[in-house]
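Thank you all for coming. I would like to walk through one structure this morning, and I will take it slowly for those who have not seen it before.

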Amino acid sequence: MGRMATQKQGEFILEAERSRTKPPPLYKVLLLNDDFTPMDFVIVVLQKFFGMDRERATRVMLQVHREGMGVCGVFAKDVAATKVEQVVSFARQHQHPLACVMEEN
């Protein structure tokens, strides 16, 4: 934080300079629907990488299925990027085309 000196009757007083820093942007991690990845696999991904219980994972999976995409969570940029990488890598290891992307919240 920068400081500014102000003179007051021969003595210097340090005043804190108010600087407003906005928090870093957050990113939504999204799963995108496809016609090939099994619903049960999507539930496993949501539980494994996003810590969801089976009920919540099922709700998000159904949202992906019905609406074309579903939000897995909102994270700082580096965390979101890591999760996208982990999900895509895991899906490819299991021969599924599941798409996982991030976008600014």
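Right after helix H3 comes Gln95, and the phi angle of this residue is positive, near 55°. Please keep in mind throughout that what we are looking at is a predicted model, so every value I quote is computed from that model.

Let me go back from Gln95 into the helix itself. H3 runs over residues 77-93, which makes 17 residues, and the distance from its first C-alpha to its last is 24 Å, close to the 24 Å expected at 1.5 Å a residue. Which residues of H3 are buried? They are Ala80, Lys83, Val84, Val87, Phe90 and Ala91. These residues lie on the same side of H3, because the arc they cover around the axis is only 140°. The general background is that an α-helix has 3.6 residues a turn, so residues three or four places apart point the same way. On the face turned away from that buried side, H3 carries the exposed residues Asp78, Glu85 and Gln93.

What, then, covers the buried residues of H3? The cover includes helix H1, at residues 39-50, together with three strands, namely E3 at 26-32, E4 at 69-76 and E5 at 99-104.

That brings me to the core. The largest nonpolar core has 24 residues, and those with the most contacts inside it are Val29, Leu31, Val45, Leu46, Phe50, Val87 and Leu98. The elements that give two or more residues to this core are E3, H1, H2, which spans 54-67, E4 and H3. H1 provides the largest share, which is seven residues. If we take Val45 as an example and leave aside its neighbours within four places in sequence, we find that Val45 is in contact with Phe50, Val87, Phe90 and Leu98.

Phe90 leads us to the aromatic rings, and a search of the whole structure finds three aromatic pairs. In one of them, the rings of Phe41 and Phe90 have their centres 5.4 Å apart and their planes at 10°, so this pair is stacked. Since Phe41 lies in helix H1 and Phe90 in helix H3, the pair ties together parts that are 49 residues apart in sequence. Both partners are buried, Phe41 with a relative accessible area of 10% and Phe90 at 13%. Another pair is formed by Phe50 and Phe75, whose ring centres are 6.2 Å apart and whose planes stand at 40°, so that this pair is tilted. Here too distant parts of the chain are linked, with Phe50 in helix H1 and Phe75 in strand E4, 25 residues apart. Phe50 counts as buried, at 12% relative accessibility. I should add that Phe41, Phe49 and Phe90 form one aromatic cluster.

My last topic is the cysteines. How many disulfides does the model contain? The count comes to zero. To see why, consider Cys72, whose sulfur has its closest cysteine sulfur in Cys100, at 5.4 Å, which is too far for a bond, because a disulfide calls for sulfur atoms within 2.5 Å. Cys100 is accordingly in no disulfide. As for their surroundings, Cys72 is buried, with a relative accessible area of 4%, and Cys100 also counts as buried, at 6%.

Definitions and conventions. Residues numbered from 1 in each chain as written. Predicted model: local features only at pLDDT ≥ 70, side-chain atom pairs only at ≥ 80, totals over all residues. Heavy atoms only, no water. Helix = DSSP H or I, 4+ residues; strand = E, 2+ residues; numbered from the N terminus. Expected span 1.5 Å × (residues − 1). Buried < 20%, exposed > 50% of the residue type's maximum accessible area, 1.4 Å probe, protein only. Arc of directions from axis to C-beta. Contact = heavy atoms within 4.5 Å. Core = buried A, V, L, I, M, F, W, Y, C linked by side-chain atoms within 4.5 Å. Phe/Tyr/Trp six-rings, centres within 6.5 Å; stacked < 30°, edge-to-face > 60°.
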